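Student: I should like to work through this structure step by step. Could we begin with one residue and then widen the view?

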Amino acid sequence: MRMRIALFGVLAAAGLSPCPTARAAELPAQTVTVTYDHPERFTETREEKALAPSRASNDYLATLKTYIEKRGAKMLPAGQHLDVVITDVDRAGSFEPWRGPRLSEVRIIKDIYPPRINLSFKLLDAQGKVIREGTRTLRDLGFLTSDTAAARDDSLRYEKRMIDRWLRNGPDKL
């Protein structure tokens with residue numbers, strides 16, 4: 001019993017709650033939420049299934065969702081909330097099966113295959129009142145001319161840069 005009381009004392013001194021429900025109430029509310037509207041219909045999904053079936057995977061969606069939520073949370077003013085619904089994704093590059101069997105399922109990055117993300121959003125204030133809402137088509141036609149050297153090993157570097165540019169515009173211009 002003394003051990004349990006001592007443990008509670010140590011946790012309280014550290015600012016932690018020994019009760020999981022109390023701890024959950026202390027966590028800040030999520031400021032950005034991202035959902036996908038029918039990802040099976042996304043341009044990227046359809047292209048991969050048709051041109052590179054063994055590579056077909058929607059794993060990139062989880063990475064993109066986490067990235068938008070984290071970056072958006074850093075860029076939003078305190079008290080605001082951003083709801084994003086992604087309606088289509090077409091990643092940079094494409095597959096060119098006519099290059100032969102050895103390259104048929106390799107993503108070829110060329111300026112004729114720019115990244116594109118279609119989304120709708122709602123920016124809300126602390127009381128839940130809509131500040132701004134709309135739809136956007138994020139596209140980067142000059143994606144190969146911008147510097148992404150620092151992230152060469154990131155397969156979503158072009159898409160992330162588009163998201164960053166959109167979020168940097170701020171709440172007034174989202």
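**Questions on a predicted model**

Student: Is Asp88 buried or exposed?

Tutor: The model is a predicted one. Asp88 has a relative accessibility of 11%, and the cut-off for a buried residue is under 20%. Asp88 therefore counts as buried.

Student: Which side chain does the side chain of Asp88 join in a polar contact?

Tutor: Asp88 has its place in strand S2. Leaving aside neighbours within four places in sequence, Asp88 is in contact with Arg41, Phe42, Thr43, Arg116, Ile117 and Asn118. The polar contact between side chains has a length of 2.9 Å, and the partner of Asp88 in it is Arg116.

Student: Asp90 lies in strand S2 as well. Is Asp90 buried or exposed?

Tutor: When neighbours within four places in sequence are left aside, the contacts of Asp90 are Thr43, Glu44, Glu47, Pro114, Pro115 and Arg116. The relative accessibility of Asp90 is 15%, to be set against the limit of under 20%. Asp90 therefore counts as buried.

Student: How many helices and strands does the chain have?

Tutor: Read along the sequence, the elements follow the pattern α-α-β-α-α-β-β-β-β-β-α. In this notation, α stands for a helix and β for a strand. The count for the chain is 5 helices and 6 strands.

Student: Which helix gives the most to the largest nonpolar core?

Tutor: The largest nonpolar core has 23 residues, and Leu82, Ile86, Ile117, Leu119 and Trp166 have the most contacts inside it. At least two residues of this core come from each of strand S1 (32-36), helix H4 (59-75), strand S2 (81-90), strand S5 (116-124) and helix H5 (157-168). The element that gives the most, with 5 residues, is H4.

Student: How far apart are the end C-alpha atoms of H4, and why does this agree with its 17 residues?

Tutor: Several residues of H4 are buried, namely Tyr60, Leu61, Leu64, Tyr67, Ile68, Glu69 and Gly72. The expected span is 1.5 Å times one less than the number of residues. For the 17 residues of H4 this should come to 24 Å, which agrees with the distance between the end C-alpha atoms, 25 Å.

Student: What is the angle between the planes of Tyr36 and Phe42, which form an aromatic pair?

Tutor: The structure holds 3 aromatic pairs. Tyr36 and Phe42 form one of them, with a centre-to-centre distance of 6.0 Å. Planes over 60 degrees apart count as edge-to-face, and this pair is edge-to-face with an angle of 70°.

Student: Is Phe42 itself buried or exposed?

Tutor: The relative accessible area of Phe42 is 0%. A value under 20% is required for a buried residue. Phe42 is therefore buried.

Student: How many residues apart in sequence are the parts that Phe143 and Tyr158 tie together?

Tutor: Phe143 and Tyr158 form an edge-to-face aromatic pair, 4.9 Å centre to centre and with 85° between the planes. Both Phe143 and Tyr158 are buried. Phe143 lies in the loop between strand S6 (130-139) and H5, and Tyr158 lies in helix H5, so the pair ties together parts whose separation in sequence is 15 residues.

Student: How far apart in space are Leu124 and His81?

Tutor: Leu124 lies in strand S5 and is buried, with a relative accessible area of 13%. Not counting residues up to four places away in sequence, Leu124 touches Gly79, Gln80, His81, Asp83, Lys129, Val130 and Ile131. Leu124 and His81 are 43 residues apart in sequence, yet their C-alpha to C-alpha distance is 5.0 Å.

Student: What distance separates the C-alpha atoms of Thr45 and Ser57?

Tutor: Thr45 is found in helix H3 (residues 43-51) and counts as buried at 4% relative accessibility. Its contacts, leaving aside neighbours within four places in sequence, are Pro39, Glu40, Asn58 and Tyr60. Thr45 and Ser57 are 12 residues apart along the chain, and their C-alpha atoms are separated by 7.5 Å.

Student: What is the phi of His38, which is not a glycine?

Tutor: His38 lies in the loop between S1 and H3. At 35% relative accessibility, His38 counts as partly exposed. Its phi is positive, at about 55°.

Key:
Residues are numbered from 1 along each chain as its sequence is written. This is a predicted model: local features need pLDDT of at least 70, side-chain atom pairs count only at pLDDT 80 or more; totals for chains, interfaces and linings use all residues. Side-chain values use heavy atoms; hydrogens and water are left out. A nonpolar core is a set of buried Ala, Val, Leu, Ile, Met, Phe, Trp, Tyr and Cys residues joined through side-chain atoms within 4.5 Å. Buried means under 20% relative accessible area, exposed over 50%, partly exposed in between (1.4 Å probe, protein chains only). Helices (H or I, at least four residues) and strands (E, at least two) are DSSP runs, numbered from the N terminus. A polar contact is a pair of N or O atoms within 3.5 Å; within protein, one must be able to donate a hydrogen and the other to accept it, and residues adjacent in sequence count only if both atoms are side-chain atoms. Contact means heavy atoms within 4.5 Å. Rings of Phe, Tyr and Trp (its six-membered ring) pair if their centres lie within 6.5 Å; planes under 30 degrees apart count as stacked, over 60 as edge-to-face and the rest as tilted.
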